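This report concerns the pairing of charged side chains. Please consult the sequence and the three-dimensional view shown below while reading.

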Amino acid sequence: MALKTLGAKAAAALDQELMSTCAFSIDQLMELAGLSVSQAGRRVLVACGPGNNGMPPQLLLPSIIWDSDNRQGGDGLVAARHLFYYGYQPTVFYPKRSKNELYQRLAKQLEDLDVPFVEDFQSAVGLTDHIVDAIFGFSFSGDVREPFPKVIQTLEETKVPVTSVDTPSSWDVECGPPKSGLGSAFMPATLVSLTAPKPLVKFFKGRHFVGGRSFVSPSIAKKYGFEVPEYFGVDQIVEVPTTSEKL
């Protein structure tokens, strides 16, 4: 089944409706998104930005998960906690800690589990077998600001497979990768779209998964005009074709 995509304005409106009409809290949405992300691998480096993005359990490889604006950073912190309890070995890269109490509590939960926080992303890449990129969400635009340019450059240059969450970092949600410069050569091996694919998926060439089954009701999917794929068992993600029709 080729899935329709959800543009930036519709995705933002959907998030707002989930937290109003559908009565979800931001904590719940991050917990459910982080649960999808946590279906990742063994050694995991979770790189988190100041804000709040899953990886298929079929990819049973050590991994790096990493996050940034919007809700992404929180999703990554939640994923690290789930991974610890799965018996994995998460490590967290979190260079710009949020002052928001919710994110501070998520970080404290990891510290209480003795999950290590690292400061050198490039060195950490050399100690893992897979990277999950959740740096920037669908609202990203403009230039990549410090301390993230070197991280994007590392993602471009590394031979380690990369899984991006919702949007490959540095990509525009509508137009895909930059035409030139930083991020223009970044093509992750895998993309995990949360809720529904975004228009940039037409530029993506790898394996494509959709995650976030636990917070989209049939009525909401109908209202926003996208299909919820058929999930199997207790899986939080499902593989889908990479080609999509834009809404």
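The predicted model contains 8 salt bridges. Side chains of opposite charge can pair when their charged atoms come close. Three of these contacts are set out in the table, with the separation of the nitrogen and oxygen atoms in each pair.

| Basic residue | Acidic residue | N to O distance |
|---|---|---|
| Lys223 | Glu17 | 2.9 Å |
| Arg81 | Glu31 | 3.0 Å |
| Lys198 | Asp166 | 2.7 Å |

The salt bridge between Lys198 and Asp166 joins two loops. Lys198 lies in the loop between strand 8 (190-194) and strand 9 (207-211), while Asp166 lies in the loop between strand 7 (162-165) and strand 8, so the pair ties together parts that are 32 residues apart in sequence. Lys198 is buried, at 3% relative accessible area, and Asp166 is likewise buried, at 3%.

In the pair formed by Glu17 and Lys223, the two partners are placed otherwise. Glu17 is buried because its relative accessibility, 10%, falls under the 20% limit. Lys223, in contrast, is exposed, with a relative accessible area of 56%.

The salt bridge of Arg81 with Glu31 brings together a buried and a partly exposed residue: Arg81 has a relative accessible area of 16% and is buried, whereas Glu31, at 27%, counts as partly exposed.

Salt bridges also occur in a linked arrangement. Asp27, Glu101 and Arg105 belong to a network of such contacts.

Conventions:
Residues are numbered from 1 along each chain as its sequence is written. This is a predicted model: local features need pLDDT of at least 70, side-chain atom pairs count only at pLDDT 80 or more; totals for chains, interfaces and linings use all residues. Side-chain values use heavy atoms; hydrogens and water are left out. A salt bridge is a side-chain nitrogen of Lys or Arg within 4 Å of a carboxyl oxygen of Asp or Glu. Buried means under 20% relative accessible area, exposed over 50%, partly exposed in between (1.4 Å probe, protein chains only). Helices (H or I, at least four residues) and strands (E, at least two) are DSSP runs, numbered from the N terminus.
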